[in-house]
Number of protein chains: 4
Amino acid sequence: MKTIGENDLVLIVYKDKRYLKKVTLDKPFHGKGGILTFSDLIGKSFGIRCGQYEIYEPTIEDIIMHGIRRETQIVFPKDGFFVCFKLNLKHNSRVIEVGTGSGALTFLFSHIVGPEGMVVSFEKEERHYKNAKKNIERFVEWGNVDLHHGDVMDYFNDEFDAAFIDVREPWIYFDKVRSLLTESGSLGMIVPTANQVTEILMRLKDGFGDIEVMEIMLRKYKTLAERVRPEDRMVAHTGYLLFARKLSEYQLAGDSLE
Amino acid sequence: MKTIGENDLVLIVYKDKRYLKKVTLDKPFHGKGGILTFSDLIGKSFGIRCGQYEIYEPTIEDIIMHGIRRETQIVFPKDGFFVCFKLNLKHNSRVIEVGTGSGALTFLFSHIVGPEGMVVSFEKEERHYKNAKKNIERFVEWGNVDLHHGDVMDYFNDEFDAAFIDVREPWIYFDKVRSLLTESGSLGMIVPTANQVTEILMRLKDGFGDIEVMEIMLRKYKTLAERVRPEDRMVAHTGYLLFARKLSEYQLAGDSLE
Amino acid sequence: MKTIGENDLVLIVYKDKRYLKKVTLDKPFHGKGGILTFSDLIGKSFGIRCGQYEIYEPTIEDIIMHGIRRETQIVFPKDGFFVCFKLNLKHNSRVIEVGTGSGALTFLFSHIVGPEGMVVSFEKEERHYKNAKKNIERFVEWGNVDLHHGDVMDYFNDEFDAAFIDVREPWIYFDKVRSLLTESGSLGMIVPTANQVTEILMRLKDGFGDIEVMEIMLRKYKTLAERVRPEDRMVAHTGYLLFARKLSEYQLAGDSLE
Amino acid sequence: MKTIGENDLVLIVYKDKRYLKKVTLDKPFHGKGGILTFSDLIGKSFGIRCGQYEIYEPTIEDIIMHGIRRETQIVFPKDGFFVCFKLNLKHNSRVIEVGTGSGALTFLFSHIVGPEGMVVSFEKEERHYKNAKKNIERFVEWGNVDLHHGDVMDYFNDEFDAAFIDVREPWIYFDKVRSLLTESGSLGMIVPTANQVTEILMRLKDGFGDIEVMEIMLRKYKTLAERVRPEDRMVAHTGYLLFARKLSEYQLAGDSLE
């Protein structure tokens, strides 16, 4: 059983409010459910009620939703979770990200590839780079993230199992990213508009196959047993997800029935 | 660069058809795109065209969708991907599953917890257990799955970071699973009907907090650049996902503003 | 061409704001787009720009969304439009409504059955009855609505082509409404929770056939040509719609292949 | 009470199968539920069981889904119902349709505008025109449909309350249709692709205001009380709906706060 110590992150839940906070002995927490004196928690287990609050050990989703400081639109968990597996990320994978943004997806990638995996991420905008750097330093568990302030076009070193592009004009990077991908490696993208989907589909033809376009919709329900029903409102759109796999330019002859 | 060898699994794509096959020198593949002689592939890289086929290294999703032999309704990737992260699974996690079914989610769990993680899964039905066992043996990369033919009620050993229940009456296992979970550990469930959601919400009150109910919908698009539009039909329902976290029975006093 | 006259209703549009107002010579309109002096509009056609506003002749939807004064949750246009046709309403139809609420659906029914049709509607709650009465008086074009403050249980007179029940416990009225329906006549209902759907399905077995349950979801898009994409948020749930048709209690013998 | 007579249309329901048939004394109906001898039904009321079948009076939706002979993709009820009200159609309305197709929406328009309304519809393709003509003759109740084999560009006579365009390139008709619309009159369109939405939004700027783009999704549920859940699959896409209103080209000065 893990107990709560000083400087630990805790998720504090009060009704439908959630707060991600660091345990600090000198500064109590003031929220809608009253004052929470952190010293009460030291040495206790996570998963405990304190006054009107519930205190949990934060999950990846808690950190993305309530910890990561956003200076850009982030890739939301519903999309990020799906992306990780579509890119076939796992223990030891090497993944490259073009467009770090606030680092939410970078964090998720770090999480899934584990201590022996590698996440290389590029951000051109200095302000976003600095913010992402702080987020990564604050939340990433393993030293597996290599964050660059610069242009992926100047990068040549490695071979990656997978790549993700999250910029306004992903097509600019198709050739470059393809050169950094291992054979059969997966490429993912997220774009907000159907116009960008059109543009990507026009330009992705060479060197990539098995193209897919999709949306993930998350519909939450109220949790009153006697009144099971969806929430009144939902997020209707974050972005269109696109996936493809690297394909060699030459091809084997093969037999054919046709 | 990884090359294709005998007995490797390959994903064979022809238009919208996908086949997951083992490379066998004596048996060619017959599909809609003609005959594929596997010996042509040996020593070549993945991500290659051969005749009318594209040949890729299989991803987790390919294996779940085209490899796992189904004797039960499986947890589909759109749901399974989401579950893994909601349960906060990562490198080293320990997770228990009640209701192995065909082992699709077991396989996904094994994948995300990595070689040093642990997946313990229980299946009562002998026929399903045997089928799941074959699936696990065939596809799981690391020896991190402990599959049981029997009832989780008779299991006492371990403490788990997370649990997933996929049976008709999940509430039967609430107390047992709670006793196997670490403090603040996450519980997930999937059920097909709203009636089961009601029943779960009625019975989950003690010892669990932060309850959530949701659906994940996946909407695929056609990939013709000049005609961007959703597919005509989609999967409308697989199941309702429910999540909760273990909460201690006693509570700290805490201050209160109210 | 219809011109704008005193006391006409006009829809005033400014960016994404919409206002439904009566043309009054002594009181100008103050909105986000500035002051609108109604006398400028008199004798002009609808469909005109005035300063930063666009002025249109109100549609049924405009009146429901911006005219009807709401003291209850109304049946939204996306659902109401669908209900009208599922109930097979048209010129001359006779429809009975149990639970007038604010009269939004009553208004829509009046609209579709036309001057020679008939809408009979019952509301038990005096406060809602009075509000609905005002809405009906203000907006209904034809004298085809017969609004009752009371219980439909005390009503015996007529035979209706269709019925709609919008109350918390619709099953209370199944027998009564059935007795007021013509043979093969359609029954519709709307309920917010899955628990009510269950209850209705249990109790609707006798005397009704062809039962259907469904949801209508409306997803709006932004209208910038270069950035076609759904709105960020949408209404996720208003209610479950249920439909059935009256079935005789006796049955003809019929042949059978089975 | 209406009774079934020779040559009446009846809806025959057997489990989830539906058939729309004309009552013919010499030809019995053969379906999955056995043989149905129509003479058994004569003089009986609609809404009756006969052997394993249920017999209902057909609704508008039944006719569109099971009666209209389709030579083109039709506008489905979920969309058509919505369109009728968005176009503000009612008793007496005059509506023009460009692209009759199979006449499903024409039929719906006829239905809602009633015996004193008017539906003018143009179809260029002779084959579709002939098929639509048969559908209209067979199912339309009132003589309010004026079907043209030809190009709406050659039409000048009337002023319409509303217009609907259902062709591949709706923008070709924007000016023409605008000239046939009354001031403030509503224009609707349906197109299958996001590319067409982009094109329409680029070209619709002059002479139209209050532009809206949307999708209607219909999600059906199973009807077993103990197992309330959505159907496994659903129609994911029929088309994007677009609406606008005619706006005068000149504008009044108006005051302004800005």
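Two strands are taken as paired if DSSP finds at least two bridges between them. On this criterion, β1(C) is joined to strand β6 (residues 53-56) of chain C by three bridges, and the two strands run antiparallel. Within this pairing, I12(C) lies opposite I55(C) in β6(C). The structure described here is a predicted model, with an ipTM of 0.94 and a pTM of 0.96. For chain A, the mean pLDDT is 94, and 98% of the residues reach 70 or more.

Strand β1 (residues 9-14) of chain C is also joined to strand β2 (residues 17-22) of chain C, in this case by six bridges in the antiparallel sense. One of the opposed pairs places V10(C) across from K21(C) in β2(C). β1(C) and β2(C) make up a hairpin with two residues between them. In the turn of this hairpin, K15(C) adopts a positive phi of about 50°.

These strands of chain C belong to an open sheet of five strands, in the order β2(C)-β1(C)-β6(C)-β5(C)-β15(D), with mixed pairing. The edges of the sheet are formed by β2 of chain C and β15 (251-252) of chain D, each of which pairs on one side only. Strand β5 (residues 48-50) of chain C and β15(D) are paired in the parallel sense over two bridges. At this junction between chains C and D, R49(C) faces Q251(D) in β15(D).

An open sheet of five strands with mixed pairing is also found across chains A and B, with the order β2(A)-β1(A)-β6(A)-β5(A)-β15(B). Its edge strands are β2 (17-22) of chain A and β15 (251-252) of chain B, and each pairs on one side only. Six bridges in the antiparallel sense connect strand β1 (residues 9-14) of chain A with β2(A). Among the residues involved, Y14(A) has K17(A) in β2(A) as its bridge partner. Helix α1 (residues 60-67) of chain A lies across β1 and β2 of chain A, and runs at about 95° to β2(A).

A strand of chain A likewise pairs with chain B: strand β15 (residues 251-252) of chain A and strand β5 (residues 48-50) of chain B associate in the parallel sense over two bridges. Here Q251(A) is positioned opposite R49(B) in β5(B).

Beyond strand pairing, the interface between these two chains brings 72 residues of chain A into contact with 72 residues of chain B. Strand β12 (residues 208-221) of chain A provides the largest share of the side of chain A that touches chain B, with 13 residues. By class, this side of chain A comprises 33 nonpolar, 21 polar and 18 charged residues.

Chain A can be superposed on chain B with an RMSD of 0.0 Å by a turn of 180° and a shift of 0.0 Å along the axis. The two copies are therefore related as by a two-fold rotation axis. The same surface serves both copies, as 100% of the contact residues of chain A recur in chain B. Of the residues of chain A, M217(A) comes closest to the rotation axis, with its C-alpha at 2.4 Å.

At the level of domains, chain A is divided into domain 1 (9-58) and domain 2 (64-246). The centres of domain 1 of chain A and domain 2 of chain A, taken over C-alpha atoms, are separated by 31 Å.

Definitions and conventions. Residues numbered from 1 in each chain as written. Chains lettered and ligands numbered in written order. Predicted model: local features only at pLDDT ≥ 70, side-chain atom pairs only at ≥ 80, totals over all residues. Contact = placed C-beta atoms within 7 Å. Helix = DSSP H or I, 4+ residues; strand = E, 2+ residues; numbered from the N terminus. Nonpolar A, V, L, I, M, F, W, Y, C, P; charged D, E, K, R; others polar. Axes fitted to C-alpha atoms, helices over the stretch in contact; angles between N-to-C directions. pLDDT = per-residue confidence, 0-100. Domains from an automatic or database assignment. Least-squares fit on C-alpha atoms with pLDDT ≥ 70 in both.
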